Amino acid sequence: MKRQTHDSGFALPTLMAMLALASIATLLALRNLWVNEQLLNAEADQLRTQHKAQAVLATALADIIGTTNATSGSGEVALNLRHTMGNTTQTHAFFPASMSEHDTLRQRLGLSTCSAGICAPNTLEVNTTKASYWKTQTATAMTVSANDTPDGENAAWYWVEIFPQANASGFIYRITALANGVTSSNIVLQAVWTRDDTATTGQWRSWHLLHD
């Protein structure tokens, strides 16, 4: 009888130890599931953000090939200042149609490289190939409206750098698109587009993600 009592005394601690190990294993499994879910959500948000940035490239291109006339919500036709230089008293940034207009744009920008998403840099700078540079330049960008992005205001921006083509009368456009995700993700895409002989068609020459 004494031996049976001794065996029963070890059974309860053994059972408790097994339950503790099972609880720890369950907690570890739940933790792994949670970590994997967070990683999956972050990856999905990063992918959605990249798709948003790609859509911003199309928005910027539509801005580049716009016309000198714009139609308001009431149907009235007015000058599109983003494609009209205007007179010498005006100071707005615009997409130039000639080298003389390009010179005017650079004079208006002064020490600022960009205004309202239109840029006329003197040279290619190393900083402009880094994502961190553009993330600090949103004040000079063109903000994508809430109607054009599912995440509302202040979720996407773009800049269009205008470079004269060597031995040609046209321009090369380098578009940089910045998009923020729902969480902390952000994507900076940069692409080069050149216009064909027609006013509304052209070719994408390259595009890539910017990093630091």
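**Exercises on cavities, ring pairs and packing**

The largest cavity is lined by Thr113, Cys114, Pro121, Thr123, Leu124, Glu125, Thr128, Tyr133, Trp134, Glu161, Phe163 and Arg174. The model is predicted: local features require pLDDT of at least 70 and side-chain atom pairs pLDDT 80 or more, while totals for chains, interfaces and linings use all residues. Residues are numbered from 1 along each chain as its sequence is written, and side-chain values use heavy atoms, without hydrogens or water.

**Exercise 1.** Describe the largest cavity by its volume, by the elements that line it and by the character of its lining.

*Solution.*
- Step 1. A cavity is a set of points on a 1 Å grid over the protein atoms alone where a 1.4 Å probe fits but cannot get out, and lining residues have an atom within 4 Å of a point. Grid points are joined across faces, edges and corners, and a volume is the space filled by probe spheres set on the points.
- Step 2. The protein has 1 cavity of 30 Å³ or more; the volume of the largest cavity is about 70 Å³.
- Step 3. H3 and S6 each contribute at least two lining residues. Helices (H or I, at least four residues) and strands (E, at least two) are DSSP runs numbered from the N terminus.
- Step 4. The lining comprises 6 nonpolar, 3 polar and 3 charged residues. Ala, Val, Leu, Ile, Met, Phe, Trp, Tyr, Cys and Pro count as nonpolar, Asp, Glu, Lys and Arg as charged, and the others, Gly among them, as polar.

**Exercise 2.** Determine how many aromatic pairs there are and describe the pair of Trp134 and Trp159 and that of Tyr173 and Trp193.

*Solution.*
- Step 1. Rings of Phe, Tyr and Trp (its six-membered ring) pair if their centres lie within 6.5 Å; planes under 30 degrees apart are stacked, over 60 edge-to-face and the rest tilted. The count is 3 aromatic pairs.
- Step 2. Trp134 and Trp159 have ring centres 4.8 Å apart and planes at 50 degrees, so this pair is tilted. Because Trp134 belongs to helix H3 (residues 131–135) and Trp159 to strand S6 (residues 156–164), the pair ties together parts 25 residues apart in sequence. Both Trp134 and Trp159 are buried (under 20% relative accessible area; exposed is over 50%, partly exposed in between; 1.4 Å probe, protein chains only).
- Step 3. For Tyr173 and Trp193 the ring centres are 5.8 Å apart and the planes stand at 45 degrees, so this pair is tilted. Tyr173 lies in strand S7 (residues 171–180) and Trp193 in strand S8 (residues 186–195), so the pair ties together parts 20 residues apart in sequence. Tyr173 is buried, with a relative accessible area of 2%, and Trp193 is buried, with a relative accessible area of 2%.
- Step 4. One aromatic cluster consists of Tyr133, Trp134 and Trp159.

**Exercise 3.** Establish whether Leu57 is buried or exposed, and which residues it contacts beyond its neighbours within four places in sequence.

*Solution.*
- Step 1. Leu57 is found in helix H1 (residues 2–64).
- Step 2. Its relative accessibility is 8%, so Leu57 counts as buried.
- Step 3. Beyond those neighbours, Leu57 is in contact (heavy atoms within 4.5 Å) with Ile175, Ala177, Leu189, Ala191 and Trp204.
- Step 4. The C-alpha atoms of Leu57 and Ile175 are 6.9 Å apart, although 118 residues separate the two in sequence.

Key
1 Å grid on protein atoms, 1.4 Å probe; cavity = no way out; pocket = protein on both sides within 12 Å on 5 of 7 lines; lining within 4 Å.
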